[in-house]
Amino acid sequence: MERRRELFGGRSAAIFALAGSAIGLGNIWRFPYMVGQTGGAAFIIIYLVCCLLLSLPIFLAEAIIGHRTQAGTFGAMEQLAPGTKWKWLGLLTVVSPLIILSYYSVVGGWSIGYLWQSVTAGFHASDIGTVSSAYERFISAPWRPLFFHTLFLLGCAAIVSAGVKSGIEKFNKISMPLLFVLIVLIMCYSIALPGASEGVAYLVKPDFSKITPSAVAAAMGQSFFSLSLGVGTILTYSSYIRRDENIFVTGLGTVAFDLMFALIAGFAIMPAVFAAGIKPGAGPGLIFETLPYIFAKMGAAAPWLSAGVAVLFFVTIVFAAFTSAISMFEVGVAYLVEQRGLSRRRATVLIFIGTWLLGAVCSLSFGPLSGVKIFGQTIFGFCDMLTSNFLMTFGGLLFVLFVGWKMDKSAVRDEFTCGGTARFNCAVFDAFWFLLRYVAPPAIVIIFLTNFLA
Ligand code: PHE
């Protein structure tokens, strides 16, 4: 039986959903630090160039496959290259987002835990050591993180099972504007703090001497992760975009929102870090150690304001994580619904169970399972390394090779230019084709090798 596919309502719905996938923890906990450490404004320019010349073509390659076939990753490959080994790419990109989702949900759960604390008790530590040990205790105690991981994943399941339009589209349409309003409010607070200007300078002062080849590779890697490339999420969401929609414009819109959010997040975080007189950092430590300490410190002068901002901040993080996580969840659900004939509800339950189990093991790898090591890493660390360093880049490379070297050029052109009707797209098609075939593949190999050697 042919089931009618649900589609996003229009262009803004598509951009909100894609931007929702892109804007996540990567924008908040990695980008600001990278900018500060790697040349400020100079890095921002390099990053912008990487986004436009490298990540956008890769993004469009994935989007073209999804939009053309109107199918999930596996079905798309079966349609475009039936009976070939390309179906393994379809399968790989069902599995890799689910692995990411499993550990992403653990961190999403921690964020809910910290949101809960910011609402109920607030942060009052007098020194950063106390905050750090509270964080260590929280993530290593088995039950509480498991509880919040479950809560986070249940939230994702509820949204995804409601469907593409009434679940995913609706949630992103509310969350994305909310996220922007919140992060701008936090930025205003942060920049107004006494001593904030040093943090602003940290982000904008251009230092071209820091633009080394490895900084460029790092910028490429970050734009890859931030735009959710190579794991089938862009492909799957694009398959829900209406046939008459211009995917080039959708792609540009997504890249613009993602970059804008990352920049605002930088100005929301770094000025506060400097105002509190601590060293900037990245990763979970920034969100769960540095920030709570800042809120505690600022709380001494203005308790209500600081407590309010803390709540807003964790709401922002939780929502940013949700909008990304549901895009990974949907890849698995689309596969089970389209290829295995399951109902959406059943598919949601199965994906929930699978990712809950792997996520639970990841969560416990900070406590009872901390002794279990894979290639010298905890289970959580291994899943993170495997996906962000290898599977994402590998998937991205194969998507690019598929569209650039295997698909019919006329089909790609047709998709890129809306059947020849979009004049601007026609004018830039050759540039896109060149970037896709000759620039993206070696660039991805460089990111891959950099990750490998790092
Ligand atoms: N882009 C998301 C972030 O910045 C992460 C992500 C990766 C989401 C892969 C979906 C797929 O946090």
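Which residues make the nonpolar surface patch of about 610 Å²? Some notes on this one, bearing in mind that the model is predicted.

1. The patch is built from Ile45, Leu48, Val49, Leu52, Leu53, Phe208 and Leu252. Helix α4 (residues 41-69) supplies its largest share, five residues. Leu252 joins in from helix α13 (residues 247-275); with a relative accessible area of 34%, Leu252 counts as partly exposed.

2. On to the ligand. It has 16 residues around it, and the closest are Ala22, Leu25, Gly26, Tyr104 and Phe225. Look at the polar contacts to ligand nitrogen: a backbone N or O atom of Phe225 sits 3.0 Å from a nitrogen atom of the ligand, a polar side-chain atom of Ser228 is at 3.1 Å, and a polar backbone atom of Ser21 is at 3.4 Å. Taken alone, the ligand would expose 330 Å², and the protein buries 100% of that.

3. There are plenty of rings to check: the whole structure holds 40 aromatic pairs. Take Phe8 and Tyr240, with ring centres 5.8 Å apart and planes at 80°, so they pair edge-to-face. Phe8 is in the segment before α1 (11-22) and Tyr240 in the loop between α12 (233-238) and α13, so this pair ties together parts 232 residues apart in sequence. Both Phe8 and Tyr240 are buried.

4. Phe74 and Tyr335 are also edge-to-face, with centres 5.6 Å apart and planes at 85°. Here helix α5 (residues 73-80) is tied to helix α15 (residues 303-340), and the parts joined are 261 residues apart in sequence. Phe74 is buried at 12% relative accessibility, and Tyr335 is buried at 13%.

Methods: Residues numbered from 1 in each chain as written. Predicted model: local features only at pLDDT ≥ 70, side-chain atom pairs only at ≥ 80, totals over all residues. Heavy atoms only, no water. Patch = residues over 30% accessible without salt bridge, like charges linked within 9 Å, V, L, I, M, F, W, Y side chains within 5 Å. Areas by Shrake-Rupley, 256 points an atom, 1.4 Å probe, with all protein chains shown as cover. Salt bridge = Lys/Arg side-chain N within 4 Å of Asp/Glu carboxyl O. Helix = DSSP H or I, 4+ residues; strand = E, 2+ residues; numbered from the N terminus. Buried < 20%, exposed > 50% of the residue type's maximum accessible area, 1.4 Å probe, protein only. Near = heavy atom within 4 Å. Polar contact = N/O pair within 3.5 Å; in protein donor to acceptor, adjacent residues only side chain to side chain. Phe/Tyr/Trp six-rings, centres within 6.5 Å; stacked < 30°, edge-to-face > 60°.
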